[in-house]
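Visitor: Could you take me through one part of this protein closely? I would like to hear about its charged side chains.

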Amino acid sequence: MTENGGFEPVFCTIVPPHVLDRLAQAEDPVVHGPARRTLRRDAYERTQRRLTTVVGATAVATLADAEPGKPRRTVYDARNGTDLPGRKARGEGDAPGKDATVNRAYAGLGATFELFLKAYARDSIDGNGLPLDATVHYDEDYGNAFWNGEQMVFGDGDGEIFLDFTIPVDVIGHELAHGVTQYTANLDYFGQSGALNESVSDVFGALIKQYTLGQTAEEADWLIGAGLLAPRVTGEALRSMKAPGTAYDDDVLGKDPQPATMDDYVRTGRDNGGVHINSGIPNHAFYVAATTLGGHAWERAGQVWYDVLTGGELQQDAQFTDFATLTVKAARARYGEGEELQAVTKAWERVGVRTL
């Protein structure tokens, strides 16, 4: 909670700053131009979010006659500008239009809403029917997507490195899951608590994709952002939960720096203390737990993670050990001394995180 008793929204992007920094240093202006523009825009939006937090964010309006358990989606079109939210392109219940990007954003908002409602009985990201707003076609060649504390925003990509950011449904789910964290544990966006913040979004982003596709843990690819990288890039996604550090290895993009275990934990002052890098460790722990249990990952492993996120015991500055310990406690509380507890405990052992 913030000092004024509200939840502190943060500016969270799907593409890490270290990736954009690398692209911004490329010799080819076709590559470095959009990357530099994206970095400048991200810096501006991040500053605006901090100012809004200090002044006090405007409360998101809710409808008194809204039907519980039903999504309220609105997709806006920025028309390659930066004024938010932009022109309304599709509202709840409207038929699909000709713009595939608008339709994908609308469907992704719905898929996220459905997973949280059907699997965890959560009515929207705040648990109280919060309207889900998204803006597409943001800026020119904008190579990112973000949650700004109030809504989702998607760039079209530059076509050279990144494609349209509405293509992977897990990107949509990832960013909206930052909203769930904002309204629950409100994890600090720095160091290990920030890496947990990012990891939780990857976990639920992956679960939303698997739920949408009807996949079991064994059938899933466990990739975050598959389909986002352009054909010229040597890589398959932004991150891999199954094998952190292997999502891409490209002359221009660089090599995926994520560690899978604490043996390779990265200490850095960049990217808010490596929040997008070290998230690979808790990501891999979830993958191990989910695949050990088998079946649908959103059911048992996902339930444990959700219980921790929303249970009230997870502190804002939680470290990996704190989160891991709470997952063990949650598994025992919900499932007793059975295979769920063993799977969760061994998953954290596998990545080198102690449980107390």
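Guide: Happily; here is a walk through one buried acid and then some charged pairs. This is a predicted model, in which local features need pLDDT of at least 70 and side-chain atom pairs count only at pLDDT 80 or more, while totals for chains, interfaces and linings use all residues. Residues are numbered from 1 along each chain as its sequence is written, and side-chain values use heavy atoms, with hydrogens and water left out.

Let's start with aspartate 256, in the loop between β10 (254–255) and α6 (271–274); helices (H or I, at least four residues) and strands (E, at least two) are DSSP runs, numbered from the N terminus. Aspartate 256 is buried yet has no salt bridge, and the nearest side chain of opposite charge, lysine 255, is 6.5 Å away. Buried means under 20% relative accessible area, exposed over 50%, and partly exposed in between (1.4 Å probe, protein chains only). A salt bridge needs a side-chain nitrogen of Lys or Arg within 4 Å of a carboxyl oxygen of Asp or Glu; Lys and Arg count as positive and Asp and Glu as negative, with His and the chain ends not counted. What the side chain of aspartate 256 does reach is the backbone nitrogen of glycine 245, at 3.1 Å, and that of alanine 247, at 3.0 Å.

In that loop between β10 and α6 you also find arginine 270, which forms a salt bridge with aspartate 21, the closest N and O atoms being 2.8 Å apart. This pair links distant parts of the chain, since aspartate 21 sits in helix α1 (residues 17–24), 249 residues apart from arginine 270. Aspartate 21 is partly exposed, at 22% relative accessible area.

Technical notes. Polar contact = N/O pair within 3.5 Å; in protein donor to acceptor, adjacent residues only side chain to side chain.
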